[in-house]
Amino acid sequence: MTLTLPSPTAPLKIGTRGSPLALAQAYETRDRLAAAFDLPEAAFEIVVIKTTGDRVQDRPLKEIGGKGLFTKEIEEDMLSGAIDIAVHSMKDMPVAQPDGLLLDCYLPREDVRDAFVSPTVGGLADLAEGAVVGTSSLRRRAQLLSRRPDLQVVEFRGNVQTRLKKLHDGVAVATFLAMAGLNRLGMADVPKAPVDPELMLPAVAQGAIGIERRADDTRAAEMLAAIHDTETGQRLAAERAFLTALDGSCQTPIGGLAELDGGMVRLRGEILRPDGSESLADVATAPIEDGAAMGRALALDLRARAGEGFFDWTLPAG
C-alpha cells in the first residue's frame, strides 16, 4: 500500500498541551517528520489542547488525580479523530494507554538530570538550614527530605516560566526543573546546577518525548517508525516496566534510570516514603531484550523489601 502523506490541504494534526515546553516538543516532532518525508511545515497542524492538569493550578496533583490529568483530554481528542498523533513528556505519562491507543515512538532522549535552580544559591549543599524549597514533585520532595530533613518544602506547580517567577517573587529560594526542559527551551541563562543522578535519581522516563497514535492508524504508524529512536525505547522499556510493577503515579515517590552498555541495560531504581524518612534503592543488569522483565523483577524486589504501607503517609498542608 502506498503511504498517503499529509499536505497543506490535509495536514497531519499534532495534539499537545499549550505550555512553551510542550509546544517546543511538538515543533521538534513536526520538524523531524517533515525532514524524514521531505514535507513543508504547512503539512502539519499543531493543535493545542488544555488539560485538567493545566487548568487546575492551585492544588497538588495528588489531590486532583495524578498523571492522567495531563493526557485525558488529548487522548479523547485522538480517539475522536480530532487529532492524529499526540506529543507527550514521558515522565508525565500513565503506564497504561486507553484501549485503541498506542505509544511506541520515542525521540532521542535529552539530558535526564534534574536541575537545581536558584537565583541566590549555588547548589543543594549550599542551602541554609531550614531554607524553603519549592517543588510539586513527590519524588523530588521525598529525595530532598531524605538528604536534608531540615529543609522546608512547599508546593510549586506551574510551567517552567511560572515556577521561575515564583522563585524571583521569593516564594522559595530554590526549586528543581528538568535539565531536558531547560535545554529544549534554550534557557541557558537560567541559574541552574545539574544534579548528579547518584544524588537524586530522576523520574522514570525523564528527558524523553513520546508520540502516541491510534492503534489502527497505519499511516501514523509508518510515519512515526521513521523517527523512532530505538535506544530510547529500549531504556524506557525497562524503566516503565519498573514503574508499572510499582503501580507508580504522581502519588508515589519513585526514581528510575536505565542506561545501555553494549548489549546490556543497567537499571537503577529507588522508592521512598513520601516524608523522606526511608528510601530503598538497588541496581539490576540484563540483556537489552530482557529489560522489561528485569524492570519488573527489580520493582517487585523493592516492593517486597518495603512491606505494606511504605507509601502511606499524608503530606502536611502548605
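Which strands does helix 5 lie across? Let's start there, because the answer takes us straight into one of the sheets, and please keep in mind that this is a predicted model. Helix 5, residues 138-147, lies across strand 11, strand 12 and strand 13, and runs at about 75° to strand 12.

So, that sheet. Strands 11, 12 and 13 form an open sheet in the order 11-12-13, with antiparallel pairing. Strand 11 (254-261) and strand 13 (279-287) are the edge strands, each pairing on one side only. From one strand to the next, the twist averages 15°. If you'd like a place to look on the screen, take strand 12, residues 264-272, and strand 13: nine bridges join these antiparallel strands. Within that pairing, Val265 stands opposite Ala286 in strand 13. Helix 9 packs on this sheet too, touching strand 11 and strand 12, and its direction makes about 145° with that of strand 11.

Let's follow helix 9 a little further. Its axis (helix 9 is residues 230-245) and the axis of helix 10 (residues 291-306) come within 7 Å and cross at roughly 35°. That crossing is right-handed. On the helix 9 side, the contact is made by Ala237, Ala238, Ala241, Phe242 and Ala245. Helix 10 brings a longer list to the contact, including Gly291, Met294, Leu298, Leu302 and Arg303. What kinds of residue make up this contact? They divide into eleven nonpolar, two polar and two charged. As a reminder when you look at which side chains face the partner: an α-helix has 3.6 residues a turn, so residues three or four places apart point the same way.

Past helix 10 we reach Phe310, in the segment after that helix. Is Phe310 buried or exposed? Its relative accessible area is 2%, so Phe310 is buried. Now for its surroundings: leaving aside residues up to four places away in sequence, Phe310 touches Ile271, Leu272, Arg273, Pro274, Glu278 and Leu280. Phe310 and Leu272 are 38 residues apart along the chain, and their C-alpha atoms are separated by 7.8 Å.

Phe310 also has an aromatic partner, and this brings me to rings. How many aromatic pairs does the structure hold? Two. One is made by Phe116 and Phe176: the ring centres are 5.6 Å apart and the planes are at 75°, so this pair is edge-to-face. This pair links distant parts of the chain, with Phe116 in strand 5 (residues 114-117) and Phe176 in strand 8 (residues 174-178), 60 residues apart. Both Phe116 and Phe176 are buried. In the other pair, Phe310 meets Phe311, again edge-to-face, with 5.5 Å from centre to centre and 80° between the planes. Phe310 and Phe311 are both buried as well.

Strands 5 and 8 belong to the other sheet I want to show you. Here five strands form an open sheet in the order 7-6-8-5-9, and the pairing is mixed. At the edges stand strand 7 (152-154) and strand 9 (192-194); each has a single partner strand, so one side of each is left without a neighbour in the sheet. Neighbouring strands here are turned by 30° against each other on average, direction ignored. For a parallel example, look at strand 6, residues 132-134, which is joined to strand 8 by two bridges. Val133 stands opposite Ala174 in strand 8.

And here our opening helix comes back. Helix 5 packs on this sheet, touching strand 5, strand 6, strand 7 and strand 8, with its direction at about 130° to that of strand 8. Helix 6, residues 160-168, lies across strand 5 and strand 8 and runs at about 165° to strand 8.

Last topic: backbone angles. Most residues other than glycine have a negative phi. Asp38 is not a glycine, yet it has a positive phi of about 55°. You'll find Asp38 in the loop between helix 1 (20-37) and strand 2 (44-48). Its relative accessibility is 72%, so Asp38 counts as exposed. Ala205, also not a glycine, has a positive phi of about 70°, and it lies in the loop between strand 9 and strand 10 (209-214). Is Ala205 buried or exposed? At 0% relative accessibility, Ala205 counts as buried. Thanks, everyone!

Definitions and conventions: Residues numbered from 1 in each chain as written. Heavy atoms only, no water. Axes fitted to C-alpha atoms, helices over the stretch in contact; angles between N-to-C directions. Helix = DSSP H or I, 4+ residues; strand = E, 2+ residues; numbered from the N terminus. Left-handed = near helix turned anticlockwise from the far one by under 90°. Contact = heavy atoms within 4.5 Å. Nonpolar A, V, L, I, M, F, W, Y, C, P; charged D, E, K, R; others polar. Pairing = 2+ DSSP bridges. Phe/Tyr/Trp six-rings, centres within 6.5 Å; stacked < 30°, edge-to-face > 60°. Buried < 20%, exposed > 50% of the residue type's maximum accessible area, 1.4 Å probe, protein only.
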